[in-house]
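Please read the following points alongside the coordinates; they concern the pockets and one residue in a loop.

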Amino acid sequence: MPAAYVTRPCIALPSYKITADEICEDIKRAHPTLPRLGVMLRYARRTQVLTRRFTQPLSHPTVGGNAPVADRNQVAFADAAELAVRAAKQSLESSGLTAADVDCVVTSHTTSWTVPGLDIHLIEELGLRPDVRRIPMSTLGCVGGSHALTRAAEHVAARPGTTVLVVVAETLSTVYNHHDTSVESMIYKTLFGDSGGACLVTSSPLGPGLRIDSTWEYVLPDSRKRYAGRLDASGLHFDSQKSATRAVSDIMPALLGHLNQQRLDAIEFTVLHPGGPRIIEDAEHGLGLEHDSGQGDAARTTRHTWATLREDGNLGGVGVLAVLDRTHDDPPAGGARGLLLGVGPGFAAAGATATWLP
């Protein structure tokens, strides 16, 4: 496919920084008599997430309280939209473009329900042209950022000279819900964070950064229940099966087949979804990369993913954009070849082979 160029993402983070200690104390307050609570909290702390940002304080009714689903949904979309607009404006400004320059907008947002969606909201708030092409996606979850980039790259390849605005926003704090008391839910309480991210994809470079050389998508057969959302009167919940822990390893044969087709024998850098330690470690192992637990000097190829996980948590679809943003601060050598990879409910994966341009 013709190459597509990605600008440095702009990441919008909310104001409330929540520590792992604060979350564990809130869990103990809400569930003082829950069986095996101490064991659950030990599992939760293994996420290695030290801090994350929420759009609302931990004590807010739509986070640590008992707000019903309608209230949670309303707040979640309003907050996500604000983050999306902020990131998109920063992306256009930093690239020296205006809303009139955007020919297509690709959006991903999963953590609230709304019609019309985030794409229409952005058209109005940013003043995008009424004839702008739209690729709205609303059920992708954690794979949203990488999937949006593949769609943007394919759009640019089909229509050279166009400018695509990619915007992803998630308020994962809306799934922080004390009605959920499983071990997995405790892990997700300490893992997730809120954010918005945006970048531009073009057929000629606007500056240093990522050149997408090929795209890849894959849905693991019979995997739709490994990770899944669930909606009830108390809000949106995120569930997973035990088999979810093997999902990244299970997609590796298909991914390695694509990398062989692209003759990517040595991966010199990665932009991996910071989904959690097991996801990162299994990706490192499957790709034959140096492993490091994230303590001390992380592997050169995955250091930005580990840093994002520790400092911002699992940002859902924004995660790969946040990792790519960090990559610009400490980039690989010019001409280095690497891999961008996101995974999410389905179990679905989307990725791209890429070259770094100085």
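The points below take up two pockets and then a single asparagine in a predicted model.

1. The largest pocket encloses about 750 Å³ of space. Its lining consists of 36 residues, and those closest to the centre of the pocket are Thr110, Thr111, Ser112, Ser138 and Leu236. Two or more lining residues come from each of helix 3 (69–94), helix 4 (118–126), strand 6 (133–137), strand 10 (227–232) and strand 11 (235–240).

2. As to the chemical character of that lining, the residues around the largest pocket divide into 16 nonpolar, 16 polar and four charged.

3. The second largest pocket has a volume of about 650 Å³, and among the 30 residues that line this pocket, Ile187, Tyr188, Tyr227, Thr245 and Arg278 are the closest to its centre. The elements that supply two or more residues to this lining are helix 6 (183–191), strand 11, helix 8 (277–287) and strand 13 (337–344), and helix 6 gives the most, with five residues.

4. By class, the lining of the second largest pocket holds 15 nonpolar, ten polar and five charged residues.

5. Is asparagine 314 buried or exposed? This residue lies in the loop between helix 9 (303–312) and helix 10 (319–329), and asparagine 314 counts as buried because its relative accessibility is 3%, where the cut-off for buried is under 20%.

6. Leaving aside residues up to four places away in sequence, asparagine 314 touches Cys142, Leu172, Leu191, Phe192, Gly193, His273, Pro274, Gly275 and Leu309.

Terms used:
Residues numbered from 1 in each chain as written. Predicted model: local features only at pLDDT ≥ 70, side-chain atom pairs only at ≥ 80, totals over all residues. Heavy atoms only, no water. 1 Å grid on protein atoms, 1.4 Å probe; cavity = no way out; pocket = protein on both sides within 12 Å on 5 of 7 lines; lining within 4 Å. Points joined across faces, edges and corners; volume = space filled by probe spheres on them. Helix = DSSP H or I, 4+ residues; strand = E, 2+ residues; numbered from the N terminus. Nonpolar A, V, L, I, M, F, W, Y, C, P; charged D, E, K, R; others polar. Buried < 20%, exposed > 50% of the residue type's maximum accessible area, 1.4 Å probe, protein only. Contact = heavy atoms within 4.5 Å.
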